[in-house]
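Please open the structure in your viewer and keep the selection tool at hand. The stops below say what to select next and what is to be found there.

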Amino acid sequence: MKLLNRSALSVRPTRHFVDWINALEPTMGDDDLTLSDVERESTVYLIPEMDTPEALEGFVRERYLEILETELRAWEEDERQWPETIDWSLFQRFLQIEHSYLAIDLDNEAALEISEVDDSLLLETDQD
């Protein structure tokens, strides 16, 4: 085990986010995605170590737009299909976050690798 010098944010969709996803490609009846379907696709963001609620809130407020756009893009690349107003209110309505103070790597075999996040990386993850 390796203790990382990071904290973590788990970002999960809300019902509003799922409703937006389902509105992108309307389906009939049981073909709509459910909240539990989409929660399986939740994202964990490694962030600098945060030791107070105030520091965490300040960090999230500084980076919310980047997080929100990443989450929207994971479901729809065409920004014209995104909600009209991308702001703090939408972030709060579409996503819930959980903070973990510690991040521990349980993989003793593989070294951590760093890759830039881009659309192709998100699409590869979706197709797996």
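Select Leu-95 in this predicted model, and then display the residues that Leu-95 contacts beyond its neighbours within four places in sequence, which are Val-11, Arg-12, Pro-13, Thr-14, Phe-17, Ile-67, Leu-68 and Glu-71.

Next, add Phe-91 and Phe-94 to the selection, since together with Leu-95 they are the residues with the most contacts inside the largest nonpolar core, a set of 23 residues. To see where this core draws its members from, colour strand S2, helix H1 (15-24), strand S3, helix H3 and helix H4 (88-94), each of which supplies at least two residues. Among these contributors H3 gives the most, with seven residues. In soluble globular proteins, nonpolar side chains tend to be buried together.

Now turn to the strands, where an open sheet of three follows the order S3-S2-S4 with antiparallel pairing. Strand S3 (43-47) and strand S4 (95-100) stand at the edges and have a single partner strand each, so one side of each is left without a neighbour in the sheet. Direction ignored, neighbouring strands of this sheet are turned by 25 degrees against each other on average.

Stay with the sheet and select residues 7-13, which form strand S2 and pair with S3 in the antiparallel sense over five bridges. Within this pairing, pick Leu-9 and look across to Tyr-45, its bridge partner in S3.

Finally, select residues 53-75 to show helix H3, which packs on the sheet and touches S2, S3 and S4, its direction making about 140 degrees with that of S3.

Note on methods:
Residues numbered from 1 in each chain as written. Predicted model: local features only at pLDDT ≥ 70, side-chain atom pairs only at ≥ 80, totals over all residues. Heavy atoms only, no water. Pairing = 2+ DSSP bridges. Helix = DSSP H or I, 4+ residues; strand = E, 2+ residues; numbered from the N terminus. Axes fitted to C-alpha atoms, helices over the stretch in contact; angles between N-to-C directions. Contact = heavy atoms within 4.5 Å. Core = buried A, V, L, I, M, F, W, Y, C linked by side-chain atoms within 4.5 Å. Buried < 20%, exposed > 50% of the residue type's maximum accessible area, 1.4 Å probe, protein only.
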